[in-house]
Amino acid sequence: MQLPPGVSSADFSAAIHQIEGAVGKDWVFTSDGDVDLYRDAYTPFWHEEDEKIPSAAVAPATVEEVQMVVKIANNYKIPLWPVSTGKNLGYGGTSPALSGTVILDLKRMNRVLEVSDTNHYALVEPGVSYFDLYRYIQENKLKVWIDPPDPGWGSLVGNTLERGGGRTPMHEHFATQCGMEVVLANGQLLRTGMGALPGSKTWQQYKYGFGPYVDGIFSQSNLGVVTKMGVWLMPEPEAYRACMVMVPKHDDLVPLVDTLAYLRNSQIVQGICSLGSPLLFYRASQGGGILDAPGDPSIAEMERIGREKGLAYWSTDLRFYGPAKVIDAQWEHAKERFSSIPGVRFQETASYTFPLTPDQQAKVNVLPEIGIPSMSIFGILNRTGHGHIGFSPIIPMTGEAVFEAWKVFGQAYVDLGVKPPEQVFAFPTTYFARCFVFLFLFTVTQDVETNRRTRAVFKGLVRVAAEHGWGDYRTHVAFMSDVMNVYSYNNHALLRLHETIKDALDPNGILSPGKSGIWPKSMRKAST
Ligand SMILES: Cc1cc2nc3c(=O)[nH]c(=O)nc-3n(C[C@H](O)[C@H](O)[C@H](O)COP(=O)(O)OP(=O)(O)OC[C@H]3O[C@@H](n4cnc5c(N)ncnc54)[C@H](O)[C@@H]3O)c2cc1C
């Protein structure tokens, strides 16, 4: 067993003994076999000593048990890493940033506490998965939609705290959270927003309560254990339509994206949109690449091929949710706006009215787009090797920025000596309001040398992106300090603020040391 740094074997045993007293012996896991289950299944450190391995795991069932565990850990200075359902694959799974950390597994706290289909919200515990909440809603015949990320087995709390996303109009998850209950590092319990008002009637309806708004400091952070969270849901819409807009010329990307930004920011189109290129997909199918490379046909030549084959240079998908008549009007308006681009073409790709029959539902390609959790992404993503890690820089939502990003990342891939991203992964999406995000995936293998190279490339891309003003929105535990390090304005003033808050709220540094590159004072010098 790998003990936490600076903790004696006697103290660790005493703490584990007390934790067993608090939660029951059956819910404290210390055997190698059990602890192995909390290692990162997608680790980029296969067979390397640098893999961060927990010492134990504990699974409390109530808020009071969480408080007791945290207090014991604080007394013995034992680091804890809370996870909700622990499915954070691609970003570290259940593994900590520091070997010897005890995983605080909240999966047993899995009650759906309330769902309102008049005010459209839910209040859930951390162990509630998207499947659990969906099932609850179906069983109770409630007229609300959830917004699942592609794999539905994760939790609303874990995904939201990571600032993850789905595909419906509620796709930006942290924006839909409303009210938290949090256990602080000293075991104290607090509620944010209206939850701070005893007997409040609007905890899940008004986010801000009174005074400074603190919910954000518990996201991607190590300042508290979230034990309840409110989430806004979407009223079940009458209809859904998916459409495609295609433009013929290379330079059409600029007006295409400008119009897309207008329509999104006006909330005329909703849900996520992805750019694509039927023409570049064709080039890739012929053995070429998605990103331009030396020796590729000129733009004029590509446009000629596009004309000949009837292939658009660029495309974007659009989604509409709501009353069918409103969707008709929104789609009509979108077409009017895009019609300023000569040669633009339009296509409707899917249209549903709700509720769907089981037969209709079975034919839906991407269930999360209509609020239904699924696991089919694991088939679509065609998992190779031993999983993946994702580099996700945020860039402006303009065609010029997309061209620049392709040029910069294309060159970076060449300089770093790796194959550029393929097909959809080369294109940005609107996971978040007002910007694009790329998701460049890297395959994890069991070969030490390959993984070392991948990690070096990953760090290289973080650096190159930052040199151009682009930052990652979320990352694997292995790169958290690298990513935080480039958010360095004014001599790392933001990191210093995070550290000041960390030291004030968690002076013993027991909660998730190293999360987001924020280390407790005692470990700071060694790790930064
Ligand atoms: C094929 C594939 C597709 C994916 N698609 C998506 C996608 O579409 N969208 C997306 O967002 N993600 C996606 N992911 C990433 C990931 O699977 C999901 O984000 C997943 O929901 C995260 O797992 P979880 O909900 O179990 O979170 P957890 O693993 O429980 O938590 C994640 C992290 O949040 C913090 N945390 C969790 N709970 C608490 C708590 N109660 N208190 C304090 N801190 C806490 C911890 O730091 C923890 O490590 C994908 C992954 C794969 C492999």
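Begin by selecting Arg-39 in this predicted model: with a relative accessibility of 30%, Arg-39 counts as partly exposed. Add Asp-36 to the selection; the two side chains form a salt bridge, with an N to O distance of 3.1 Å. Asp-36 is likewise classed as partly exposed, since its relative accessibility is 40%. This pair belongs to a set of 27 salt bridges found in the whole structure. As a general principle, side chains of opposite charge can pair when their charged atoms come close.

**A salt bridge within one helix**

Next, select helix H8, residues 299-309, and display Glu-301 and Arg-304. Their closest N and O atoms are 2.7 Å apart, and the two residues form a salt bridge. Both partners belong to H8 and are 3 residues apart, about one turn of the helix. Glu-301 is partly exposed at 30% relative accessibility, and Arg-304 is partly exposed at 32%.

**A salt bridge between two helices**

Now move to Asp-482 and Lys-459, whose side chains meet in a salt bridge at 3.7 Å, N to O. Asp-482 is in helix H14 (residues 480-486) and Lys-459 is in helix H13, so this pair ties together parts that are 23 residues apart in sequence. Asp-482 has a relative accessible area of 24% and is therefore partly exposed; Lys-459, at 35%, is also partly exposed.

**The packing of H12 and H13**

Keep H13 (residues 448-467) selected and add H12 (residues 399-416). The axes of these helices lie 10 Å apart, and the angle between them is about 145°. The crossing of H12 and H13 is right-handed. To see the contact, display Val-408, Phe-409, Ala-412, Tyr-413 and Leu-416 on H12, which meet Val-457, Gly-460, Leu-461, Val-464 and Ala-465 on H13. What is the division of these contact residues into nonpolar, polar and charged? There are 9 nonpolar residues, 1 polar residue and no charged residue in the contact.

**A network of salt bridges**

Select Glu-48, Glu-449, Arg-452 and Arg-455, which a network of salt bridges links together. Glu-48 is located in the loop between helix H2 (32-36) and strand S2 (56-58). Is Glu-48 buried or exposed? Its relative accessibility is 12%, and residues under 20% count as buried, so Glu-48 is buried. Leaving aside residues up to four places away in sequence, Glu-48 touches Val-448, Asn-451, Arg-452 and Arg-455.

**Strand S6 and its two partners**

Finish at strand S6, residues 121-124. Tyr-121 and Leu-123 point to one side of S6, Ala-122 and Val-124 point the other way, and all of them are buried. Such a pattern can be compared with a general rule: in a regular strand the side chains alternate between the two faces of the sheet.

Add strand S5 (residues 112-116), which runs antiparallel to S6 and is joined to S6 by 4 bridges. Across this pairing, Val-115 stands opposite Ala-122. The hairpin of S5 and S6 has 4 residues between the strands, and His-120 adopts a positive phi near 60° there.

Then select strand S10, residues 224-232, which pairs with S6 in the antiparallel sense over 4 bridges. Which residue of S10 is the bridge partner of Leu-123? That partner is Gly-230.

Conventions: Residues are numbered from 1 along each chain as its sequence is written. This is a predicted model: local features need pLDDT of at least 70, side-chain atom pairs count only at pLDDT 80 or more; totals for chains, interfaces and linings use all residues. Side-chain values use heavy atoms; hydrogens and water are left out. Axes are lines fitted to C-alpha atoms, for helices over the stretch in contact, and angles run from 0 to 180 degrees between N-to-C directions. A crossing is left-handed if the near helix is turned anticlockwise from the far one by less than a right angle, and right-handed if clockwise. Contact means heavy atoms within 4.5 Å. Ala, Val, Leu, Ile, Met, Phe, Trp, Tyr, Cys and Pro count as nonpolar, Asp, Glu, Lys and Arg as charged, and the others, Gly among them, as polar. A salt bridge is a side-chain nitrogen of Lys or Arg within 4 Å of a carboxyl oxygen of Asp or Glu. Buried means under 20% relative accessible area, exposed over 50%, partly exposed in between (1.4 Å probe, protein chains only). Two strands pair if DSSP finds at least two bridges between them.
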